[in-house]
Amino acid sequence: MKKVFCIGELLIDFVAENQGKDLSKAKEFSKKAGGAPANVACAISKLGGDSYFVGCVGNDPFGTFLLRILANEKVDISLAQKSDTFTTLAFVSIDADGERDFVFSRGADKELTYDSSLKTSFENNIIHFGAATALLGGSLEETYSRYLFDGLTKKAFISFDPNYRVDLWKDKEDVFIRKCHAFIEKSHLCKFSLEEAKLLSGKDNLEDACKVFHEMGTVIIVITLGSEGTLLSTSNFSKTIPSIKVTPKDTTGAGDAFIGCLLQQIAQHSKIENVLADENLLTNMVERANKAGAITTENFGAIESLPTLQQLDS
Ligand code: ATP
């Protein structure tokens with residue numbers, strides 16, 4: 001089984017409870033573990049995969065809380081770093097229509113430093129870049145580029161999820177697009193939401209969008225479409241694979257569960273070329289990943305809602 005290294009942020013999401021969109025009126029918050037790459041690492045380990053979290057938290061009680069959650073989920077946290085800068089915090093409120101108010105206090109996540117000894121560990125394994133905060137600068141961004149280079153040198157399978165956050169890129173979408181393109185060009189697998197696919201390709205039609213991404217160099221493209229399932233595209237075929245029917249309560253983390261489940265399955269294959277060439281195999285994998293995404297929406301929260309192997313098989 002291949003190892004999967006998930007690189008990026010782990011942070012506290014303070015979610016305002018019961019007072020509508022206006023954060024200035026929020027009185028109570030619940031403390032949740034957040035960070036897409038960390039969610040993906042948990043999704044993989046919960047399904048029996050071998051996942052590593054590579055990111056930085058503060059040397060403070062919030063950092064301890066976050067790493068403890070990952071360790072409880074059997075994610076390997078030996079490569080995680082601690083900094084004297086405070087753990088990154090996000091405060092968010094969402095009203096009944098899904099309108100958000102968002103404040104972000106960026107801290108330790110940006111301070112991940114490059115570790116040259118990881119290069120050999122990447123050999124023939126999988127690296128997942130979940131770039132929500134990584135492209136905002138700091139030594140994390142520099143580290144991202146160096147690990148991408150190391151991964152390619154060591155023939156690692158590269159997975160990329162841009163994790164576009166509107167609130168973080170207001171008025172600088174062009175910078176986000178340019179930085180993402182550098183990863184899309186080098187990745188074997190890219191996972192986009194519908195919004196990301198359109199933004200990063202400059203196309204409204206998804207077939208056209210996939211063509212742009214394939215021309216840039218990506219081999220497998222998955223575009224997640226919520227209850228509609230997932231568009232899977234390779235240079236040989238393209239199809240929409242439906243999801244299962246569920247009654248969603250909270251869609252947070254569905255995309256992370258999806259990509260985690262897909263990577264956990266890819267990690268079972270010693271020769272990834274065989275996966276890339278096999279339409280049926282890829283289709284089955286995406287069907288299963290759809291199921292993982294769907295199950296995650298049935299409960300509140302991200303990590304706590306990720307499916308176990310038993311849930312997925314039942
Ligand atoms: P995120 O919001 O976590 O960034 P995303 O927008 O990429 O994620 P979604 O499209 O919401 O992710 O969900 C990922 C996958 O989970 C979908 O492709 C689909 O297979 C499944 N899924 C999500 N929502 C539903 C739903 N309501 N019903 C059935 N399946 C769903």
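In this predicted model, the buried residues of helix α1 pack against quite a list of partners: the strands β1 (3-7), β4 (50-54) and β9 (126-130), plus the helices α2 (61-72), α8 (254-266) and α11 (309-313). The helix itself spans residues 36-46, and because 11 of its 11 residues are buried, it ends up largely enclosed by the rest of the structure. Buried here means under 20% relative accessible area. That goes for Ala36, Pro37 and Ala38 at the start of α1, and also for Asn39, Ser45 and Lys46. Just past the end of α1, Gly48 takes a positive phi of about 95°.

Turning to the ligand, 19 residues surround it, and the closest are Lys191, Thr224, Gly226, Ser243 and Asn290. Some of the polar contacts can be spelled out. Ser243 uses an N or O atom of its side chain, which sits 2.7 Å from a nitrogen atom of the ligand. Thr224 also brings in its side chain, with a polar atom 2.8 Å from a ligand oxygen. With Gly229 it is the backbone that takes part: one of its polar atoms lies 3.0 Å from an oxygen atom of the ligand.

Then there are the pockets. The second largest one has a volume of about 260 Å³. It is lined by 13 residues, and those closest to its centre are Asn124, Lys155, Ala156, Ile272 and Glu273. Helix α9 (residues 272-276) gives the most to this lining, chipping in 3 residues. As for chemistry, the lining of the second largest pocket is a mix of 5 nonpolar, 4 polar and 4 charged residues.

Notes. Residues are numbered from 1 along each chain as its sequence is written. This is a predicted model: local features need pLDDT of at least 70, side-chain atom pairs count only at pLDDT 80 or more; totals for chains, interfaces and linings use all residues. Side-chain values use heavy atoms; hydrogens and water are left out. Buried means under 20% relative accessible area, exposed over 50%, partly exposed in between (1.4 Å probe, protein chains only). Helices (H or I, at least four residues) and strands (E, at least two) are DSSP runs, numbered from the N terminus. Contact means heavy atoms within 4.5 Å. On a 1 Å grid over the protein atoms alone, a cavity is a set of points where a 1.4 Å probe fits but cannot get out, and a pocket is an open set with protein on both sides within 12 Å along at least five of seven lines; lining residues have an atom within 4 Å of a point. Grid points are joined across faces, edges and corners, and a volume is the space filled by probe spheres set on the points. Ala, Val, Leu, Ile, Met, Phe, Trp, Tyr, Cys and Pro count as nonpolar, Asp, Glu, Lys and Arg as charged, and the others, Gly among them, as polar. A residue is near a molecule or strand if one of its heavy atoms lies within 4 Å of it. A polar contact is a pair of N or O atoms within 3.5 Å; within protein, one must be able to donate a hydrogen and the other to accept it, and residues adjacent in sequence count only if both atoms are side-chain atoms.
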